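Thanks for coming, everyone. I'll keep this short. Please look at the sequence and the structure as they come up.

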Amino acid sequence: MESNTKVQLVNEVTDATWDSVVAGEENVPVFVDFWAPWCGPCRMVGPVVEQLATEYDGRMKFVKLNTDENPVISSQFGIRSIPTLALFYKGEAINAMKGAGPLGHMKQFVDASFDKVPEAAVAVG
């Protein structure tokens, strides 16, 4: 019997869970979508981020942080414009981009970010 349960590849992260979910991730880079529900471009980026999460599953973790509900982390990283997309590795920001873009542009951003991560972390296995 087939299950209709869809696996969620982009999970929410909060100020309270940041250290364990993002900063504490030792194995793969973490893609963070800084967003807010009222932000039109953020809502346009959401489905693209979900598609990226499917394509890069196993090589990168994908999360989103609502900047309105999580001001501590947003302030800590100077997030003043949303959407902001950032890549973290072992808790350190390694690349970021502001604004919405088409899938191809966002894939280029992700691929360029891999250049800043040790090869062992992005090996496909």
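First, a term: pLDDT is the predictor's confidence in each residue, from 0 to 100. We need that term here, as this is a predicted model. Over residues 120-125, pLDDT stays under 50. The model still gives that stretch 10 contacts beyond four places in sequence. What about the chain as a whole? Its mean pLDDT is 87. A pLDDT of 70 or more is reached by 88% of the residues. Now look at residues 1-5, where pLDDT is below 50. Beyond near neighbours in sequence, residues 1-5 have zero contacts in the model.

Next, the overall layout. How many helices and strands does the protein chain have? Five helices and five strands. Follow the sequence and you read β-α-β-α-β-α-β-β-α-α. The protein chain has 125 residues, and 43% of them count as buried. Now take the contacts with a separation of 6 or more. Of these, 72% are between residues 24 or more positions apart.

Let's go to helix α2, residues 40-55. Does the length we expect agree or disagree with the model? Helix α2 has 16 residues, at 1.5 Å a residue, so it should span 22 Å. Its end C-alpha atoms are 24 Å apart, which agrees. The helix has a kink of about 25° at Gly 46. That kink comes shortly before the proline Pro 47. Which residues of α2 are buried? Cys 42, Val 45, Gly 46, Val 48, Val 49, Leu 52 and Ala 53 are. So the kink residue, Gly 46, is one of the buried ones. And what covers them? The cover includes β1, β2, β3, β4 and α4.

On to the aromatic rings. Searching the whole structure gives seven aromatic pairs. Take Trp 18 and Phe 88. Their ring centres are 5.2 Å apart, with 85° between the planes. That pair is edge-to-face. Trp 18 is in helix α1 and Phe 88 is in strand β4, so the pair ties together parts 70 residues apart in sequence. Are these two residues buried or exposed? Both Trp 18 and Phe 88 are buried.

Here is another pair, Phe 31 and Phe 109. The centres are 6.3 Å apart and the planes are at 75°, so this pair is edge-to-face. Phe 31 sits in strand β2 and Phe 109 in helix α4. The two are 78 residues apart, and the pair links distant parts of the chain. Phe 31 and Phe 109 are both buried.

There is a cluster to point out as well. Trp 18, Phe 34, Phe 77 and Phe 88 form one aromatic cluster. And one ring has a charge over it. Which residue lies over the face of Trp 35? Lys 64 does, at 5.4 Å from the ring centre.

Now strand β5, residues 92-98. Met 97 is found in this strand. Its relative accessibility is 11%, so Met 97 counts as buried. Which residues does Met 97 contact, leaving aside neighbours within four places in sequence? Pro 83, Thr 84, Leu 85, His 105, Met 106 and Phe 109. Thr 84 is 13 residues from Met 97 along the chain, and their C-alpha atoms are separated by 5.8 Å.

Ala 96 lies in β5 too. Not counting residues up to four places away, Ala 96 touches Leu 85, Ala 86 and Phe 109. Ala 96 and Ser 113 are 17 residues apart in sequence. In space they are 8.6 Å apart, C-alpha to C-alpha.

Last, two loops. Pro 83, a contact of Met 97, is in the loop between α3 and β4. A cis peptide bond joins Ile 82 and Pro 83, with omega about 0°. The other loop runs between β4 and β5, and Lys 90 is found there. Lys 90 has a positive phi of about 50°, although it is not a glycine. Is Lys 90 buried or partly exposed? Its relative accessibility is 41%, so Lys 90 counts as partly exposed.

That's my tour. Over to you for questions.

Methods: Residues are numbered from 1 along each chain as its sequence is written. This is a predicted model: local features need pLDDT of at least 70, side-chain atom pairs count only at pLDDT 80 or more; totals for chains, interfaces and linings use all residues. Side-chain values use heavy atoms; hydrogens and water are left out. Contact means heavy atoms within 4.5 Å. Rings of Phe, Tyr and Trp (its six-membered ring) pair if their centres lie within 6.5 Å; planes under 30 degrees apart count as stacked, over 60 as edge-to-face and the rest as tilted. Helices (H or I, at least four residues) and strands (E, at least two) are DSSP runs, numbered from the N terminus. Buried means under 20% relative accessible area, exposed over 50%, partly exposed in between (1.4 Å probe, protein chains only). A charge sits over a ring if NZ of Lys or CZ of Arg is within 6 Å of the ring centre and within 35 degrees of the ring normal. The expected span of a helix is 1.5 Å times one less than its number of residues. The bend at a residue is the angle between axes fitted to the seven residues ending there and the seven starting there.
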